[in-house]
Amino acid sequence: MDLFIYLFVALFSVLNPIGTVPIFVGLTHGDSKQECSRISLWTSINVFLILIISFFIGKYVLSFFGISIDSLRIAGGLIIVSSGFSLLSGKFNKKRGINKKIETDAQKRNDIALTPLAIPMLAGPGSISLLIAFYQEHHATNELIIASLAILAIAISIFIILRSAHYLAKILGASGIVAISRIIGFIVVAIGIQYIVGAAINIIKSNLM
């Protein structure tokens, strides 16, 4: 249970679905409730597929490119810390990798569930690197099942949050969403630093032994 909670909280903090609410509302402005529900469902499915694939085959991709797990932890940690500081300072890029042209095209298309919602807004380098590093330390059968359930729980949470996005935007308001994002930002920074420290300790130990 502790493993499930740890991974769920870590992924929720890095993905920050609450921070995606204003973007979702903007992209689905004028859509019917049925259409918003459909986009929410497919966004959560896409995020689940991206995360589960990254979790199970990510290490083989690293091996192919000759990237060590500690290098990945440091790179992922830096990305996570950067995102966390941006959330804390209130300077987080609300478009998260979406330029004006992509945003305009997305608003014109019927389906925005994969791009830009699932990628890059939710499932990005931080969450992917976090999962790959997690797999390296927890690959027993029961741990894989627990991790898969945590990823499924995250996908369900994303669906619920996006499905309720228009209501949440009205209830929380801009200030409420910013406050929640900054709290999440603090957790994100701590997770990123933990990954960097852990990787640095492993590198030092391997060089000394």
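Start at F186, which at 58% relative accessibility counts as exposed. The model is a predicted one. Select F186 and show the helix around it: this is α9, residues 165-208. Then add S86 to the selection. S86 lies 100 residues from F186 along the chain, and the two C-alpha atoms are separated by 10.0 Å.

**The whole chain**

Zoom out and colour by secondary structure. The chain has 9 helices and 0 strands, and reading along the sequence gives the pattern α-α-α-α-α-α-α-α-α. There are 209 residues, of which 43% count as buried. Switch to a surface view: about 10900 Å² is exposed, and carbon and sulfur atoms supply 69% of that area. Of the contacts between residues at least 6 apart in sequence, 88% join residues at least 24 apart.

**Helix α4 and L78**

Next, select residues 69-89, helix α4, and find L78 in it. Is L78 buried or exposed? With a relative accessible area of 52%, L78 is exposed, because the cut-off for that class is over 50%. Now select I196 as well. L78 and I196 are 118 residues apart along the chain, yet their C-alpha atoms are separated by 7.4 Å.

**Helix α3 and S40**

Move to S40, which is in helix α3. The relative accessible area of S40 is 0%, so this residue is buried. To see what surrounds S40, show the side chains of F24, F159, L162 and R163; S40 touches these four, leaving aside residues up to four places away in sequence. One of them, L162, is itself among the buried residues of α8.

**Where α3 meets α7**

Keep α3 on screen and add α7. Two packed helices are described by the angle between their axes and the distance between the axes. The axes of α3 and α7 come within 8 Å and cross at roughly 65°, and the crossing is right-handed. On the α3 side, select I50, L51, S54, F55, F56, G58, K59 and L62; on the α7 side, select S127, I128, L131, I132, F134, Y135 and Q136. Colour this contact by residue class: 10 of its residues are nonpolar, 4 polar and 1 charged.

**Helix α8**

Select residues 141-163, helix α8, and put a distance between the end C-alpha atoms. How far apart are the end C-alpha atoms of α8? They are 33 Å apart, which agrees with the 33 Å that 23 residues should span at 1.5 Å a residue.

Now show the buried residues of α8: L144, A147, S148, A150, I151, A153, I154, A155, S157, I158, I161 and L162. Which helices do they pack against? Bring up α1 (2-15), α2 (17-27), α3 (33-65), α6 (113-122), α7 (125-137) and α9, since these are the partners of the buried residues of α8.

**Helix α1**

Finish at α1, one of those partners of α8. Helix α1 has 14 residues and reaches 20 Å from its first C-alpha to its last, close to the 20 Å expected at 1.5 Å a residue. Show L3, L7, A10, L11, S13, V14 and L15, the buried residues of α1. Then step past the end of the helix to N16, which follows α1 and has a positive phi, near 50°.

How values were computed. Residues are numbered from 1 along each chain as its sequence is written. This is a predicted model: local features need pLDDT of at least 70, side-chain atom pairs count only at pLDDT 80 or more; totals for chains, interfaces and linings use all residues. Side-chain values use heavy atoms; hydrogens and water are left out. Helices (H or I, at least four residues) and strands (E, at least two) are DSSP runs, numbered from the N terminus. Buried means under 20% relative accessible area, exposed over 50%, partly exposed in between (1.4 Å probe, protein chains only). The expected span of a helix is 1.5 Å times one less than its number of residues. Contact means heavy atoms within 4.5 Å. Accessible areas come from the Shrake-Rupley method with a 1.4 Å probe; for residues, only the protein chains shown count as cover. Axes are lines fitted to C-alpha atoms, for helices over the stretch in contact, and angles run from 0 to 180 degrees between N-to-C directions. A crossing is left-handed if the near helix is turned anticlockwise from the far one by less than a right angle, and right-handed if clockwise. Ala, Val, Leu, Ile, Met, Phe, Trp, Tyr, Cys and Pro count as nonpolar, Asp, Glu, Lys and Arg as charged, and the others, Gly among them, as polar.
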